[in-house]
Amino acid sequence: MKNVKNKFMRNRRGVIDIQFNWIFVMIAGFVMLLFIISIVFSQKHNSDKRLDTKVITEVATLLKGKQQASSTYSEISFPSTDIRFNCQSSNPLGMGNDDNLFTFRMGNSERIPLPNSIIFAPREFNTNKLNVWTQAFTIGFTVNVFTYITTPNSVILIYNPSGMPTPYAQELYDALPDNITKKMVDDYSELDSYSQYKNVKIVCFFDNDDGCPYDDGGFISNKYGYIEVQPVHQQPSSSTDIFGYGYVTFRGKLGPGGGTDLAKAYIAKAGLFGAIFSDNVREYSCQMDRAMKEVEIKRLLLESRLSLIQNDLTDPSTCRTHINVTLENNILPIRNPILDIDNVTVLGTNAKSLDSMNNLLTISSCPKIY
Amino acid sequence: MKKDEIAKMIRIINNKTGISHRKGGQIQMGETVAVTIIVIILLVLGIVFWNKISNSNVEEVVIQSQELSVIEIANVVSDLPELQCSESGVNKAKCLDMYKIRAMNISMDIPEVRKYYNEYFKNSRITIMKVYPEPDPAYENITIYDAQLNNTARTLQISLPINIYDSVQDSTIYGLIIVEGYYR
């Protein structure tokens, strides 16, 4: 009896042992599996991050390289990813010379700063291709090369109503590169037929009469927003006035928000394109703030150069007089320039005056301003 | 022999065999452990060796990258519109304007200008040297930018030939852009 009992207990113990073994094996196996899965995910994450970093470094290098040449168009292709351009200004609507930080990010990569690049692009988008175009920003002297970025999913609609055509529309249309999707629209009803594009920019002109689409109920304003360009007429006026200086009003969705519109100034062809390619008024203001800081730096260099030339020219000298006049009338007065509605006329006329002065110096066989 | 004695002998033999089995098993286990230890030592040695090779490869890549960086800076200097000669708004290649060079040299003391150009010139010293004809000693070498970094391990230097145009004398002289990169 005792033997039977002992044998029974030994069997029971064996059964429990076996069950515990299995439980232990399952727990241990599960933990190991979790560990391996976590390693796999972390490796995948690191690999994605390394790829994003590699791609963003190459794209950033290409973008910085584009700055060296003006009026160039190129395309950059890469795996489809999210892209973010971020221009931070302590003063969002650009009412002064505050420190602005401009960064660029692709996917999950780190933000790459682009401190000396002025880039007008949509703020956030997903694409596998960037269309990159450059234009020199010149206000009498070259300041920088602006870069404009669009995607194949972007379109620029230039509104030129058939009832009130303006030469500015054709001028702008011809100035934009052919590789960028651009359309001339002469009827308000056509504007919504381009809704398949993710990024739609509508540009219209205020030329004596209001040439912008009659936006009954604010449909176009709310859905796309639009930019109203009002060039300041030069004397004598011409269709190329559009690339001198003037005002741009960001309406509806492109405005500061809450259904309000905001008017800003633009100067030079590059500045006007900046307004067209910007995502909204904040981005435009931020980038133009940064551009105006560069104007001051280049102005300082120019002032220094002209002073040195003036000192080295022997007296009496027609050249010395011309250089002195340029310094007094054109260079020194635009110290720390701010681009706003009140100041744009001064900057615009000054730029034209510098061009004229430079031509005069060339004709007089004098050292040129730039 | 009696059955009991036979059984006893069988039990003794089994016990002895068991002991030798156990001893054999211990020796086998010892061998396995020894092999495992040797394999681990070899693996560790291999990893250390591979690590050393990788490090030296990384160092080579870093040096190459630094040299490329210096070349890039030199090319940037020669292409800057603030330094290039220009004629009717068109910049001339491989030509720097002497008064622009002197203006940049003077203006680099202004903090905003220095901060701006730090992004282009980084950790380098950039000197424009006039070579031919014999220059005025006062303006023989003009340093337009100097990062002035301390505790640097080494410098890399590159020189690019350039024309230097004097807009007052309307003459061109031959010179060099010398870029020295500071690296730890």
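**Entry 1: salt bridges across the interface**

I looked up salt bridges between chain A and chain B, and the rule finds 3 across their interface. The model is predicted, and I keep that in view for each entry below. I noted one pair by name: A:Lys298 with B:Glu82, where the closest N and O atoms are 3.5 Å apart. That separation falls inside the 4 Å cut-off for a salt bridge, so the pair counts. In general, side chains of opposite charge can pair when their charged atoms come close.

Next I asked which element of chain A gives the largest share of the side that touches chain B. Helix H5 of chain A, residues 281-312, does so with 10 residues. I then sorted this side of chain A by class and got 9 nonpolar, 5 polar and 6 charged residues.

**Entry 2: contacts and buried area**

I took the contact count for the two chains: 20 residues of chain A meet 22 residues of chain B. For polar contacts across the interface, the rule finds 6 residue pairs, with both partners at pLDDT 80 or more. I also looked up the area, since the size of an interface is often given as the accessible area lost when the parts come together. About 2,000 Å² is buried between chain A and chain B, and carbon and sulfur atoms give 63% of it.

**Entry 3: salt bridges in the whole structure**

I widened the search to all chains, and it finds 15 salt bridges. Within chain A, I picked out A:Lys129 and A:Glu75, whose closest N and O atoms are 3.3 Å apart. A:Lys129 belongs to strand S5 (residues 124-138) and A:Glu75 to strand S1 (residues 73-89) of chain A, so this salt bridge ties together parts that are 54 residues apart in sequence.

**Entry 4: a nonpolar patch on chain B**

I searched the surface of chain B and noted a nonpolar patch of about 700 Å². Its members are B:Met29, B:Val33, B:Ile37, B:Ile38, B:Ile41, B:Leu42 and B:Leu45. I located B:Ile38 in helix H1 of chain B, which runs over residues 3-79.

**Entry 5: backbone exceptions**

Most residues other than glycine have a negative phi, and most peptide bonds are trans. I looked for departures from both.

Where is the cis peptide bond? I found it between B:Tyr132 and B:Pro133, with omega at about -5 degrees. B:Pro133 sits in the loop between strand S3 (124-132) and strand S4 (141-146) of chain B.

For phi, I noted A:Ala268, which is not a glycine yet has a positive value of about 70 degrees. I placed A:Ala268 in helix H4 of chain A, residues 268-277.

Terms used
Residues numbered from 1 in each chain as written. Chains lettered and ligands numbered in written order. Heavy atoms only, no water. Contact = heavy atoms within 4.5 Å. Buried area = accessible area lost by both parts, 1.4 Å probe. Salt bridge = Lys/Arg side-chain N within 4 Å of Asp/Glu carboxyl O. Polar contact = N/O pair within 3.5 Å; in protein donor to acceptor, adjacent residues only side chain to side chain. Helix = DSSP H or I, 4+ residues; strand = E, 2+ residues; numbered from the N terminus. Nonpolar A, V, L, I, M, F, W, Y, C, P; charged D, E, K, R; others polar. Patch = residues over 30% accessible without salt bridge, like charges linked within 9 Å, V, L, I, M, F, W, Y side chains within 5 Å. Areas by Shrake-Rupley, 256 points an atom, 1.4 Å probe, with all protein chains shown as cover.
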